[in-house]
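Trainee: Could you take me through one part of this model slowly, the surroundings of the ligand, and begin with whatever you would point out on the surface?

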Amino acid sequence: MFKEPIYITRPLLPNLNDILSSLTDVWNNQWLTNNGPQHSKLEDQLKQYLNVENLSLFNNGTSALLLGIKALNLTGEVITTPFTFPATVQALDWNNLTPVFCDIDPTTLTLDAAKIESLITEKTSAILGVHTFGNPCDVKRIQTIANKYNLKVIYDGAHTFGTNIEQHPIGNFGDMTMFSFHATKLFNTVEGGALTYKDESLVEKLNLLKNFGIANPEEVILSGLNAKLNEIQSIIGLEVLKLVELERQKRHEIKKVYEQYLADIPGIRVLTKNEGDQSSYQYFVIQIDKEIYGKTRDWLHEKLKEFNVFTRKYFFPLCSEFKWYENLKSARKENLPQAHKVVTEVLAMPYYGELQMESVIKICKVIRESR
Ligand SMILES: *Cc1c(COP(=O)(O)O)cnc(C)c1O
């Protein structure tokens with residue numbers, strides 16, 4: 001039993017004194033939001049860090065995705081995964097688009113590319129994939145399908161800050177990728193997000209969309225939203241960005257200890273290995289095979305609570321189970337067998353740089369011995 005509760009994550013926070021001088025700059029020039037100097041600086045640094053040409057900042061990942069989809073003028077249906085955070089599909093809802101749920105690959109837990117083509121109709125305008133837990137989608141195969149049917153490709157990359165697919169920066173795949181900078185994400189601006197995109201001409205449209213469609217003091221030319229990242233958040237981002245590499249290294253060591261101590265427990269599989277690709281170090285997720293392990297995921301989730309360890313059933317429930325999709329054919333359980341199996345088996349473990357190695361070893365011991 002741990003004295004202090006252990007949660008799944010801890011936000012990466014800069015030293016308070018380090019942000020004071022930047023905050024003083026903001027206080028002095030009294031520019032708090034609307035494309036200020038800190039915002040521009042963060043945009044430039046993130047372009048470099050993520051190795052992308054085009055990047056726009058937003059007040060959170062969800063509004064980034066929502067407005068990115070709007071900027072691409074999608075219509076009708078969008079093929080996506082049921083195994084994701086609600087924001088992915090809600091960004092479609094808010095654009096009056098119908099999600100078409102496609103089952104997932106049982107190994108990567110991302111869209112099963114082999115099942116996409118059979119879901120395409122004359123109404124399909126895009127494929128929206130999620131790089132689940134940092135496991136990249138099958139980007140090559142998805143792009144081939146998209147080219148064949150003239151579809152747009154969008155990725156929810158909320159779990160993949162700064163990763164590559166075979167040396168290629170992940171933000172360069174598809175037409176657009178969304179990143180989330182929520183407090184629980186590896187890199188955070190408290191709340192925040194970004195889009196990276198192929199078509200550089202989108203920058204003006206995205207700037208309009210995140211600022212009420214105001215083109216100049218006399219003209220409002222489209223219906224937008226207020227989705228701007230402010231100067232204070234930008235400062236936090238600039239400081240947190242300096243800490244990300246060290247945090248990755250710490251998480252790498254923690255991951256190794258987890259993998260070592262979980263390796264020979266029957267029925268436990270580590271899902272976030274990312275062989276060949278660089279890990280995103282966002283989550284450490286295991287899958288519990290109840291037949292072999294002898295207990296269910298839900299049992300282990302409750303058992304760990306008794307030891308003061310709070311894991312998360314990411315992503316539970318499936319988005320296809322939301323009440324407002326109950327009449328949607330693609331949301332039916334029989335069409336999504338892998339997603340329905342996986343959603344009862346995965347568990348995100350405590351994972352952050354400050355997590356003590358002894359704690360990791362103790363958690364693994366509970367998993368091994370308490371069943
Ligand atoms: C965190 C997350 C989001 C939402 O991002 P916000 O910045 O919190 O709006 C979207 N999709 C996935 C997969 C996420 O994990």
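**From the surface to the ligand**

Mentor: On the surface of this predicted model, W27, L32 and I232 make a nonpolar patch of about 320 Å², and of these L32 sits in the loop that runs between α1 (16-29) and α2 (37-50).

Turning to the ligand, you will find 15 residues around it, of which T62, D156, H159, S180 and K185 come nearest. An N or O atom in the side chain of T62 is 2.6 Å from an oxygen atom of the ligand, the side chain of H159 likewise places an N or O atom 2.7 Å from a ligand oxygen, and a polar side-chain atom of K185 lies 3.1 Å from an oxygen atom of the ligand. On its own the ligand has 390 Å² of accessible area, and the protein covers 93% of it. Two or more residues of the shell come from each of α3 (61-71), α4 (86-93) and β8 (176-180), and the shell as a whole divides into nine polar, four nonpolar and two charged residues.

Among these elements, α3 deserves a slower look. Helix α3 is mostly covered, with nine of its eleven residues buried, namely G61, S63, A64, L65, L66, L67, G68, I69 and A71. At the N-terminal end of α3, N60 acts as a cap, with a side-chain oxygen that lies 3.1 Å from the backbone nitrogen of T62, while just after the helix N73 takes a positive phi of about 55°. T62 therefore appears twice in this account, since by the 3.5 Å limit for a polar contact its side chain reaches a ligand oxygen at 2.6 Å, and its backbone nitrogen faces the N60 side chain at 3.1 Å.

Technical notes:
Residues are numbered from 1 along each chain as its sequence is written. This is a predicted model: local features need pLDDT of at least 70, side-chain atom pairs count only at pLDDT 80 or more; totals for chains, interfaces and linings use all residues. Side-chain values use heavy atoms; hydrogens and water are left out. A residue is near a molecule or strand if one of its heavy atoms lies within 4 Å of it. A polar contact is a pair of N or O atoms within 3.5 Å; within protein, one must be able to donate a hydrogen and the other to accept it, and residues adjacent in sequence count only if both atoms are side-chain atoms. Accessible areas come from the Shrake-Rupley method with a 1.4 Å probe; for residues, only the protein chains shown count as cover. Helices (H or I, at least four residues) and strands (E, at least two) are DSSP runs, numbered from the N terminus. Ala, Val, Leu, Ile, Met, Phe, Trp, Tyr, Cys and Pro count as nonpolar, Asp, Glu, Lys and Arg as charged, and the others, Gly among them, as polar. Patches are made of residues with over 30% relative accessible area and no salt bridge: like charges are joined within 9 Å, nonpolar side chains (Val, Leu, Ile, Met, Phe, Trp, Tyr) within 5 Å. A salt bridge is a side-chain nitrogen of Lys or Arg within 4 Å of a carboxyl oxygen of Asp or Glu. Buried means under 20% relative accessible area, exposed over 50%, partly exposed in between (1.4 Å probe, protein chains only).
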